[in-house]
Amino acid sequence: MIKKYIDTGRGRVYYWLNQPAVYKTTLMLTHGLTADHSLFDRQLDALNDIRIITWDMPLHGESRPYNDFSFIHAAQDMKQILDQEGIDSLVMAGQSAGGYAVQVFAHLYPHLLKGFIAIDSTPLGSHYYKRSETFWTDHYDAFAALLPYRCYCRLSANNAALHKTAREAFYESLLRLGKADMLKAVRSVYRDFKKYDEVKFQCPVLLCLGDHDQVGYVPKYNQMWSQATGYQLCIIPDAGHNSNYDNAPYFNEVIIKFINQLTAGQENGEGYGN
């Protein structure tokens with residue numbers, strides 16, 4: 001992967017991309033809250049006939065410091081990356097809070113997106129959420145601040161992932177982030193995501209959910225999302241909230257199938273049914 005960056009005026013944002021000689025499409029992968037681009041390490045080799053872009057979302061990984069975070073600004077940063085690389089059509093995947101960034105991108109730039117993959121994410125739109133269910137997100141940073149940081153990292157990693165390798169990978173990304181920047185990221189993300197209405201996608205959508213996902217009400221929201229929209233919901237077996245890392249072989253096959261259907265439909269002039 002080749003490491004690059006953009007200067008946004010709010011901070012420098014880093015991204016990585018491969019350069020396959022021949023590829024079916026471009027796939028941009030956006031990690032979730034307090035993770036970084038390494039969340040997708042187990043996708044890189046398996047998706048070798050796809051041009052892949054990973055990045056550190058603002059306030060995460062190497063994309064620090066960063067001022068005035070919002071998902072609108074994150075979506076604009078994604079667009080700036082694509083403009084720098086000359087990309088005008090792609091599939092996007094977002095894990096957890098990374099899915100919010102993609103949803104806002106889809107609202108701002110619907111003509112660029114030919115497919116969306118939500119990975120243990122939830123929909124934008126306040127009507128999905130009860131006030132009692134969002135209480136913990138409103139106050140999460142206050143609770144997190146009370147814990148010794150290594151203890152917090154271990155608890156968070158064990159909650160997000162099912163298997164040791166996935167837990168250790170997330171634990172290390174949390175350690176790299178540090179407590180002060182973790183709290184800043186959490187405050188910024190949780191304060192912003194409730195400001196947006198539900199996005200009406202103009203492209204095929206696939207919802208992926210780990211069968212052992214125990215983060216908040218994510219399984220409930222995915223069922224609601226799928227039932228309300230008709231989007232396909234794919235359960236990733238033997239996986240937690242970081243399902244793409246927990247069961248990478250199964251997840252990778254799901255992604256390959258989704259992209260193959262997209263490209264086959266485009267070649268035949270057909271749509272892809274949700």
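**Exercise 1. Determine which residue pairs with Asp7 in a salt bridge, and classify both partners by accessibility.**

Solution. Step one is the criterion: a salt bridge requires a side-chain nitrogen of Lys or Arg within 4 Å of a carboxyl oxygen of Asp or Glu. Asp7 satisfies this with Arg12, whose closest N and O atoms are 2.9 Å apart. The model is predicted, so local features need pLDDT of at least 70 and side-chain atom pairs count only at pLDDT 80 or more, while totals for chains, interfaces and linings use all residues. Residues are numbered from 1 along each chain as its sequence is written, and side-chain values use heavy atoms, with hydrogens and water left out.

Step two is the classification, in which buried means under 20% relative accessible area, exposed over 50%, and partly exposed in between (1.4 Å probe, protein chains only). Asp7, with a relative accessible area of 45%, is partly exposed, and Arg12 is also partly exposed, at 35%.

**Exercise 2. Establish which parts of the chain are joined by the salt bridges of Asp138 and of Asp141.**

Solution. Begin with Asp138, whose side chain meets that of Lys194 in a salt bridge of 2.6 Å, N to O. Because Asp138 lies in helix H4 and Lys194 in the loop between H7 and strand E7 (205–210), the pair ties together parts that are 56 residues apart in sequence. Here helices (H or I, at least four residues) and strands (E, at least two) are DSSP runs, numbered from the N terminus. Asp138 counts as partly exposed at 26% relative accessibility, and Lys194 counts as partly exposed at 37%.

Next take Asp141, which forms a salt bridge with Arg187 at 3.9 Å between the closest N and O atoms. This pair links helix H4, which holds Asp141, to helix H7, which holds Arg187, across 46 residues. Asp141 is buried, with a relative accessible area of 10%, whereas Arg187 is partly exposed at 36%. Salt bridges with shared partners join Asp141, Arg187 and Arg191 into one network.

**Exercise 3. Work out where the buried residues of H6 lie around its axis, and what covers them.**

Solution. First, the geometry: helix H6 (residues 164–177) has 14 residues and reaches 20 Å from its first C-alpha to its last, close to the expected 20 Å, the expected span being 1.5 Å times one less than the number of residues. Second, the buried residues of H6 are Ala166, Phe170, Tyr171, Ser173, Leu174 and Leu177. They cover an arc of only 165° around the axis, and therefore lie on the same side of H6; the arc is that of the directions from the helix axis to the C-beta atoms. An α-helix has 3.6 residues a turn, so residues three or four places apart point the same way.

Third, Lys164 and Thr165 are exposed on the other side of H6. The cover over the buried residues of H6, counted as contact between heavy atoms within 4.5 Å, includes H5, helix H7 (179–192) and helix H9 (243–246). Just after H6, Gly178 takes a positive phi of about 85°.

**Exercise 4. Repeat the analysis for the buried residues of H8.**

Solution. The buried residues of H8 are Val218, Tyr221, Asn222, Trp225 and Ser226. Their arc of only 135° around the axis puts them on the same side of H8, while the face turned away from that buried side carries the exposed residues Gln227 and Ala228. Among the elements that cover the buried residues of H8 are helix H3 (98–108) and strand E6 (113–119).
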